[in-house]
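Please open the structure in a viewer and keep the sequence at hand. The tour below proceeds by selections, each followed by a description of what is found there.

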Amino acid sequence: MLPAAMEENVEKRAAVEASVHYAGCDEVRLLGKAPLYSGQPGYRIDMDGDGDGIACEPYR
């Protein structure tokens, strides 16, 4: 179990991330919002292919 302060931060981060929804990385890139970092509006773990906290990274 997390301490109350840490649990509150996790909840706040989740709320910020969920405050914006993009259909996927193509939309994020089209809008000029890429990359998205964990904790930013629109970030979702399912758009972060390598799990490093950065979604919709530039193509390599």
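**The disulfide**

The whole structure contains one disulfide. The model is a predicted one. Select Cys 25 and Cys 56: these are the two residues that the disulfide joins, with an S to S distance of 2.2 Å. Cys 25 lies in helix α2 (residues 25–30) and Cys 56 in the segment after β2, so the link ties together parts that are 31 residues apart in sequence. The angle about the S-S bond is -80°, and the link of Cys 25 and Cys 56 is left-handed. Are Cys 25 and Cys 56 buried or exposed? Both are buried.

**The nonpolar core**

Keep both cysteines selected and add Tyr 22, Val 28, Leu 36, Tyr 43, Met 47 and Ala 55. Together with Cys 25 and Cys 56, these residues form the largest nonpolar core, which has eight residues in all. In soluble globular proteins, nonpolar side chains tend to be buried together.

**Tyr 43 and its surroundings**

Next, select Tyr 43 alone and display its contacts. Which residues does Tyr 43 touch, leaving aside those up to four places away in sequence? They are Glu 17, Leu 36, Tyr 37, Ser 38, Asp 48, Gly 53, Ile 54 and Ala 55. Then add Ala 18, which lies in helix α1. The C-alpha atoms of Ala 18 and Tyr 43 are 7.6 Å apart in space, although the two residues are 25 apart in sequence. Ala 18 counts as exposed because its relative accessibility is 62%, above the 50% cut-off.

**Asp 48 in its loop**

Move now to Asp 48, one of the residues that Tyr 43 touches. Asp 48 belongs to the loop between β1 (36–37) and β2 (54–55). Its relative accessible area is 5%, so Asp 48 is buried. What does the side chain of Asp 48 reach at 3.0 Å? It is the backbone nitrogen of Gly 51. A polar atom of the same side chain lies 2.6 Å from the backbone nitrogen of Gly 53. Beyond residues up to four places away in sequence, Asp 48 touches Tyr 43, Gly 53, Ile 54 and Ala 55.

**The salt bridges**

How many salt bridges does the structure hold? There are three.

- Select Glu 8 and Lys 12, whose side chains meet in a salt bridge with an N to O distance of 3.2 Å. The two residues are four apart in helix α1 (residues 4–18), so about one helical turn separates them. Glu 8 is partly exposed at 41% relative accessibility, and Lys 12 is partly exposed at 48%.
- Select Arg 13 and Glu 17, whose side chains form a salt bridge at 3.7 Å, N to O. These residues of helix α1 are also four apart, and therefore about one helical turn lies between them. Arg 13 counts as partly exposed at 44% relative accessibility, whereas Glu 17 counts as buried at 15%.
- Select Arg 44 and Asp 46, which form a salt bridge whose closest N and O atoms are 3.0 Å apart. Asp 46 is exposed, its relative accessible area being 58%.

**A last selection**

To end the tour, show Glu 17 together with Tyr 43. Glu 17 meets Arg 13 in a salt bridge and is also among the residues that Tyr 43 touches. Tyr 43, in turn, is part of the largest nonpolar core.

Terms used. Residues numbered from 1 in each chain as written. Predicted model: local features only at pLDDT ≥ 70, side-chain atom pairs only at ≥ 80, totals over all residues. Heavy atoms only, no water. Core = buried A, V, L, I, M, F, W, Y, C linked by side-chain atoms within 4.5 Å. Buried < 20%, exposed > 50% of the residue type's maximum accessible area, 1.4 Å probe, protein only. Contact = heavy atoms within 4.5 Å. Polar contact = N/O pair within 3.5 Å; in protein donor to acceptor, adjacent residues only side chain to side chain. Salt bridge = Lys/Arg side-chain N within 4 Å of Asp/Glu carboxyl O. Disulfide = S-S within 2.5 Å.
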